[in-house]
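Here is a short tour of a protein model, written to be read with the structure open beside you. Take it at your own pace and follow along residue by residue.

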Amino acid sequence: MPAPTALLEKLGVHLDPELLVLALTHRSFAHEAGGIPTNERLEFLGDTVLGLVVTEALYRRHPDLSEGELAKMRAATVSQRSLAAIARRLELGRYVLLGKGEVRTRGFDKDSILSDTVEALIGATYLSHGLETARELVHRLVDTTLDAAAGLGAGLDWKTSLQEAAALRGFGAPVYEVTFEGPEHARVFHASVTAGPVLGLGHGTAKKHAEQAAAEQAYRALQALPVDGSAPDAAADGAADDGTPRARA
């Protein structure tokens, strides 16, 4: 593992060496080391601090938005994928302590491990310095994502947006089907969703990523239909042979 001081410089905080090592200790490493403590308790704490700081920031920055819209923006900001992207910018995978099995399966680049470690580092910062310093760290890490979330619109949560769009057109709740292939460490998920007459398809390295991709495709196709549920002529060029509108890849 590279010198952790370089990581602290990127984070802009000082942590006691023992606490820093704990924040970087994945359960796979702890198991192989004889059951030493893991970063899971710090992750639990950091998740709460992260949620509080992001929720407060959204509340103050967007006084005109509804609770539902704020919830979507928060979910997009603190999602596993968003936190993993932050971790990759920090090159955090170089510092995480992993067991041999996780190293072999490239655990240092898994969204779940990276996002959990970001939360553990936030938790460690809170324990060491209190809420204000932890708040400053969270803002340094997520403000870019937070700002981008304001412009995502339906893309904040494609599954919720699809459900709302389907309801507006008098269709039932979207129905998802998910399959997967490949070994556990390199699994690929394939999702399909039916929303009224529309079919969306998506793929991803996690079930929820595949479902979000399928929902996005179906949502975009559903936008061609008016809210009364009758298909306009303009949507005909996107129809399947049987006349069913389908989302384009």
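## Starting from the core

Leaving out neighbours up to four places away in sequence, Leu11 makes contact with Leu90, Leu121, Leu137, Arg140 and Leu141. That is a handy way into this predicted model, since Leu11 belongs to the largest nonpolar core, a set of 43 residues. Within that core, Leu7, Leu11, Leu92, Leu121, Ile122 and Leu141 touch the most other members. Several helices each supply at least two residues of this core, including helix 1 (4–11), helix 4 (40–61), helix 8 (111–129) and helix 9 (131–149). Helix 2 (17–23), helix 5 (67–78) and helix 6 (80–89) do so as well. Apart from this core lies another one, of 17 residues, with Ala214, Ala215, Tyr219 and Leu222 among them.

## The whole chain

Stepping back, the protein has eleven helices and three strands. Along the sequence they follow the pattern α-α-α-α-α-α-α-α-α-α-β-β-β-α. Of the 249 residues, 41% are buried. The exposed area comes to about 13200 Å², and carbon and sulfur atoms supply 54% of that area. Among contacts with a separation of 6 or more, 57% link residues 24 or more positions apart.

How far does the confidence reach? The mean pLDDT is 87, and 88% of the residues reach 70 or more. Over residues 229–249, however, pLDDT stays under 50. The model has 31 contacts beyond four places in sequence for that stretch. Where pLDDT is low, the predicted coordinates should not be read in detail.

## Two helices up close

Helix 8 is a good one to look at next. It has 19 residues and reaches 27 Å from its first C-alpha to its last, close to the 27 Å expected at 1.5 Å a residue. Thr125 is found in helix 8. Is Thr125 buried or exposed? Thr125 counts as buried because its relative accessibility is 0%, below the 20% cut-off. Not counting residues within four places in sequence, Thr125 touches Val13, Leu15, Gly130, Thr133, Ala134 and Leu137. One of these partners, Gly130, sits just after helix 8 and takes a positive phi of about 90 degrees.

Leu22 is in helix 2. Its relative accessible area is 25%, so Leu22 is partly exposed. Which residues does Leu22 touch beyond four places in sequence? They are Pro37, Thr38, Asn39 and Leu42. Leu22 and Pro37 are 15 residues apart along the chain, and their C-alpha atoms are separated by 7.1 Å.

## Two loop residues with positive phi

Most residues other than glycine have a negative phi. Against that background, Glu91 has a positive phi near 55 degrees, and Arg106, also not a glycine, has a positive phi of about 60 degrees. The table sets out where each one is and how accessible it is.

| Residue | Loop | Relative accessibility |
|---|---|---|
| Glu91 | between helix 6 and helix 7 (100–104) | 39%, partly exposed |
| Arg106 | between helix 7 and helix 8 | 49%, partly exposed |

## The three strands

Now for the strands. Strand 1 (residues 175–181) runs antiparallel to strand 2, and seven bridges join them. In this pairing, Glu177 stands opposite Ser192 in strand 2. Strand 1 and strand 2 form a hairpin with six residues between them. In the turn, Gly182 has a positive phi of about 95 degrees.

Strand 2 (residues 188–195) also runs antiparallel to strand 3, again through seven bridges. What is the bridge partner of Val193 in strand 3? The partner is Gly200. The hairpin of strand 2 and strand 3 has two residues between the strands, and Gly196 there takes a positive phi near 60 degrees.

The side chains of strand 3 (residues 198–204) alternate along its length. Val198, Gly200, Gly202 and Gly204 point to one face and are buried. Leu199, Leu201 and His203 point to the other face and are not buried. Gly200, the partner of Val193, is therefore on the buried face, given that its relative accessible area is under 20%.

Key:
Residues numbered from 1 in each chain as written. Predicted model: local features only at pLDDT ≥ 70, side-chain atom pairs only at ≥ 80, totals over all residues. Heavy atoms only, no water. Buried < 20%, exposed > 50% of the residue type's maximum accessible area, 1.4 Å probe, protein only. Helix = DSSP H or I, 4+ residues; strand = E, 2+ residues; numbered from the N terminus. Pairing = 2+ DSSP bridges. pLDDT = per-residue confidence, 0-100. Contact = heavy atoms within 4.5 Å. Areas by Shrake-Rupley, 256 points an atom, 1.4 Å probe, with all protein chains shown as cover. Core = buried A, V, L, I, M, F, W, Y, C linked by side-chain atoms within 4.5 Å. Expected span 1.5 Å × (residues − 1).
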